[in-house]
Amino acid sequence: KPDEPYMTLIVKAIMSTADHRMVLADIYLWLMDYSPYYRLTKSSWKNSVRHNLSVNECFVKSERARNGRGFFWTVHPACVQLFQDGDYSRRSARAAIQ
DNA sequence: TTGTGTTTATGACGGA
DNA sequence: TCCGTCATAAACACAA
């Protein structure tokens, strides 16, 4: 239901932390806090979140999470300024990386 | 076994 | 019409 694409929301979630890194489970929580859509609907959107993390080059894995599962997810260093300026377009992100 | 991550496929949609 | 973007589904491997 939210009009913003997953890539934008995931970027906002990760960039909302002080160290710009977040574990998958916390990205879930951030989204559920962001919109009731993710709170109320059955979890096909979690599949989409994982798909976006893998597919979009702007998301890079950091160290493995010690307590929980998986890795810390961060944004590509070349995209940080772009995102801070509010440009979440996939085209711009890819251009910044290449 | 469960959660996490990768990958492929498919369809809708809008712009050039 | 072709191309890029986005969403959704689903199969699979892997680690805790």
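## Salt bridges

In this predicted model, Glu 4 is partly exposed, with a relative accessibility of 22%. The side chain of Glu 4 forms a salt bridge with that of Lys 12, at an N to O distance of 2.5 Å. Lys 12 is likewise partly exposed, its relative accessible area being 26%. Because buried means under 20% relative accessible area, neither the 22% of Glu 4 nor the 26% of Lys 12 places the residue in the buried class. The count of salt bridges in the structure comes to five.

Arg 21 takes part in two of these contacts. One is with Asp 19, where the closest N and O atoms are 3.2 Å apart; the other is with Glu 63, where the closest N and O atoms are 2.4 Å apart. The pair of Glu 63 and Arg 21 links distant parts of the chain, since Glu 63 belongs to strand β2 (residues 59-64) and Arg 21 to strand β1 (residues 21-23), 42 residues apart. Through shared partners, the salt bridges join Asp 19, Arg 21 and Glu 63 into one network. Within this network, Asp 19 is partly exposed at a relative accessible area of 46%, and Glu 63 is partly exposed at 39%.

## The surface near DNA strand B

The residues around DNA strand B are Leu 24, Ala 25, Tyr 28, Arg 50, His 51, Ser 54, Val 55, Lys 61, Arg 69, Gly 70, Phe 71 and Trp 73. By class, six of the residues on this surface are nonpolar, three are polar and three are charged. At least two residues come from each of α2 (24-34), α4 (45-55) and β3 (71-75). The largest share, four residues, is supplied by α4.

Sugar or phosphate accounts for 62% of the atoms of DNA strand B within 4 Å of the protein, and bases account for the rest. Individual side chains show contacts of both kinds. An N or O atom in the side chain of Ser 54 is 2.6 Å from a phosphate oxygen of DNA strand B, and an N or O atom in the side chain of Trp 73 is 3.1 Å from a phosphate oxygen of this strand. His 51, by contrast, places a polar side-chain atom 3.1 Å from a base oxygen of DNA strand B.

## The surface near DNA strand C

Around DNA strand C lie Pro 5, Tyr 6, Tyr 37, Ser 44, Asn 47, Ser 48, His 51, Arg 64, Arg 69, Arg 90, Arg 91 and Arg 94. These residues divide into three nonpolar, four polar and five charged. Of the atoms of DNA strand C within 4 Å of the protein, 54% are part of sugar or phosphate, and the rest are part of bases.

Tyr 6 has a polar side-chain atom 3.0 Å from a phosphate oxygen of DNA strand C. Two further side chains approach bases: an N or O atom of the Asn 47 side chain is 2.8 Å from a base nitrogen of DNA strand C, and a polar side-chain atom of His 51 is 3.5 Å from a base oxygen of DNA strand C. The elements giving two or more residues to this surface are α4 and α6 (90-97). His 51 is listed around DNA strand B and also around DNA strand C.

## Aromatic pairs

The structure holds six aromatic pairs. The ring centres of Trp 30 and Tyr 34 are 5.2 Å apart and the planes meet at 15 degrees, so this pair is stacked. Trp 30 and Tyr 34 stand four residues apart in helix α2, and therefore about one helical turn separates them. Tyr 34 is partly exposed, with a relative accessible area of 36%.

A second arrangement is found in Tyr 38 and Trp 45, whose ring centres are 5.0 Å apart; with planes at 65 degrees, the pair is edge-to-face. Both Tyr 38 and Trp 45 are buried. These two residues also belong to one aromatic cluster together with Tyr 6, Tyr 28 and Tyr 37. Among the members of the cluster, Tyr 28 is one of the residues around DNA strand B, while Tyr 6 and Tyr 37 are among those around DNA strand C.

## Annotated domain

An unreviewed UniProt entry carries the annotation "domain: Fork-head" for residues 1-93. Over residues 1-93, the chain is 49% helix and 15% strand. The end C-alpha atoms of this stretch are 24 Å apart.

Notes: Residues are numbered from 1 along each chain as its sequence is written. Chains are lettered from A and ligands numbered from 1 in the order in which they are written. This is a predicted model: local features need pLDDT of at least 70, side-chain atom pairs count only at pLDDT 80 or more; totals for chains, interfaces and linings use all residues. Side-chain values use heavy atoms; hydrogens and water are left out. A residue is near a molecule or strand if one of its heavy atoms lies within 4 Å of it. A polar contact is a pair of N or O atoms within 3.5 Å; within protein, one must be able to donate a hydrogen and the other to accept it, and residues adjacent in sequence count only if both atoms are side-chain atoms. Ala, Val, Leu, Ile, Met, Phe, Trp, Tyr, Cys and Pro count as nonpolar, Asp, Glu, Lys and Arg as charged, and the others, Gly among them, as polar. A salt bridge is a side-chain nitrogen of Lys or Arg within 4 Å of a carboxyl oxygen of Asp or Glu. Buried means under 20% relative accessible area, exposed over 50%, partly exposed in between (1.4 Å probe, protein chains only). UniProt positions are given in the numbering used here, feature names are shortened, and annotations may be inferred rather than shown by experiment. Rings of Phe, Tyr and Trp (its six-membered ring) pair if their centres lie within 6.5 Å; planes under 30 degrees apart count as stacked, over 60 as edge-to-face and the rest as tilted.
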